[in-house]
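Me: Please take a close look at a single part of this chain, how its strands are paired, and then carry the account on to the aromatic side chains. I would like one connected answer rather than a list.

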Amino acid sequence: MEAGEEPLLLAELKPGRPHQFDWKSSCETWSVAFSPDGSWFAWSQGHCIVKLIPWPLEEQFIPKGFEAKSRSSKNETKGRGSPKEKTLDCGQIVWGLAFSPWPSPPSKKLWARHHPQVPDVSCLILATGLNDGQIKIWEVQTGLLLLNLSGHQDVVRDLSFTPSGSLILVSASRDKTLRIWDLNKHGKQIQVLSGHLQWVYCCSISPDCSMLCSAAGEKSVFLWSMRSYTLIRKLEGHQSSVVSCDFSPDSALLVTASYDTNVIMWDPYTGERLRSLHHTQLNPPMDDSDVHISSLRSVCFSPEGLYLATVADDRLLRIWALELKTPIAYAPMTNGLCCTFFPHGGVIATGTRDGHVQFWTAPRVLSSLKHLCRKALRSFLTTYQVLALPIPKKMKEFLTYRTF
């Protein structure tokens, strides 16, 4: 889609008719994820099942005229032995999903030792966070279960791998802790982060691997150092539970979404609140029956860092441009729970309470040279380092996202 156009629904996947599961199983899609290289999509479709789907989607799912440009020709994929869709039965309700960065060469030794039948190649891994506090680690290419990580005492709500490829995994749980695991050391638990007083809903690692943000059912957000695993600061500004957080691709911005209907954009280095995005209803109800109708569920940055997507209980997917205070586009979606961008842009995936996943068109833009330079510089300079540069004030404001 061009900037400013409404998102179009590209495809919708629905679970097949569920078998007779015990009453405890639920059908929500709490989590959806693309692999960092864009070749796989993971869908927690409810009833303990995760589907691993090769991307781009097969033709039968996509309406005419929307063929993905990146799709290779049929003959080419046949020759390579194209990847097949896989079903992972996790045995428990699945709340969180995370792919490892690709490729991850350090994993060779670990998988070869545990699974001699696994070819000695660097493999892509999927971590699944379960209802009973377990984390199951799967090899994507084969669908094999590689490891079972135990330690959490309650639901594992969210998972995040360090983007560097070091196979460090962070998990966030309803037991009010975050745990750090090293998959290169047989999934050894290397740290427990305590301090939250409520369920931890969300964890996000900055792309430069220096910071970890965690959001619990509290008004403040915690920022931790990924080097020392200590608390750097608490960010305070929301009026209700914070449920989702995400870093910009250059690590210079952090967004948090709350039940208070606001997204706050922060400078994670200084703790400053740069701006708030307020979710007003398009069609307010006639009475005050549901005050929390605009409660936010999920927020995420686009891969080039110029857009945000949010999902709220008012049945809308909104797309925001970084520089503007109102959404540039809306799409109607019922019961949305989570959203994520395709790593190469152009598509947003959303998961719903009914176990469906929907794929929407997202803005495709060419970043300006100014933004590309800012992104490149901010990937390795903190706000304080930028402010210390001998450059004009206007340039500093642009580089530190203070031009809003």
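Reply: In this predicted model, a good place to begin is the pairing of E10 with strand E11 (residues 168-173), where 5 bridges join the two strands and the direction is antiparallel. Within that pairing, Asp158 stands opposite Ala172 in E11. The two strands belong to an open sheet of 4 strands, which are ordered E10-E11-E12-E13 and pair in antiparallel fashion. The edges of the sheet are formed by strand E10 (156-161) and strand E13 (188-193), each of which pairs on one side only. If direction is ignored, neighbouring strands of this sheet are turned by 20 degrees against each other on average.

The record adds some context along the chain: UniProt, in an unreviewed entry, places the feature "repeat: WD" at several spans, among them residues 126-148 and 149-184. In the model, residues 126-148 are 0% helix and 61% strand, with end C-alpha atoms 12 Å apart, while residues 149-184 are 0% helix and 50% strand, with end C-alpha atoms 13 Å apart.

Turning to the side chains, Arg174 lies over the face of Trp199, at 3.9 Å from the ring centre, and the charged end of Arg374 sits over the ring of Phe398, 4.0 Å from its centre.

Rings also meet rings, and the search of the whole structure finds 10 aromatic pairs. One of them is formed by Phe34 and Trp55, whose ring centres are 5.0 Å apart and whose planes stand at 85 degrees; since an angle over 60 degrees counts as edge-to-face, the pair is edge-to-face. This pair links distant parts of the chain, with Phe34 in strand E2 (residues 32-34) and Trp55, 21 residues apart from it, in the loop between strand E4 (49-54) and helix H1 (74-80). Phe34 counts as buried because its relative accessibility is 8%, and Trp55, at 14% relative accessibility, is buried as well.

Phe34 also pairs with Phe359, and here the arrangement is tilted, at 6.5 Å centre to centre and 55 degrees between the planes. That second pair again links distant parts of the chain, from Phe34 in strand E2 to Phe359 in strand E28 (residues 357-361), 325 residues apart. Phe359 has 0% relative accessibility and therefore counts as buried. Taken together with Phe41 and Phe342, the residues Phe34, Trp55 and Phe359 form one aromatic cluster.

Note on methods
Residues numbered from 1 in each chain as written. Predicted model: local features only at pLDDT ≥ 70, side-chain atom pairs only at ≥ 80, totals over all residues. Heavy atoms only, no water. Phe/Tyr/Trp six-rings, centres within 6.5 Å; stacked < 30°, edge-to-face > 60°. Buried < 20%, exposed > 50% of the residue type's maximum accessible area, 1.4 Å probe, protein only. Lys NZ or Arg CZ within 6 Å of the ring centre and 35° of its normal. UniProt positions renumbered as here; feature names shortened; annotations may be inferred. Pairing = 2+ DSSP bridges. Axes fitted to C-alpha atoms, helices over the stretch in contact; angles between N-to-C directions.
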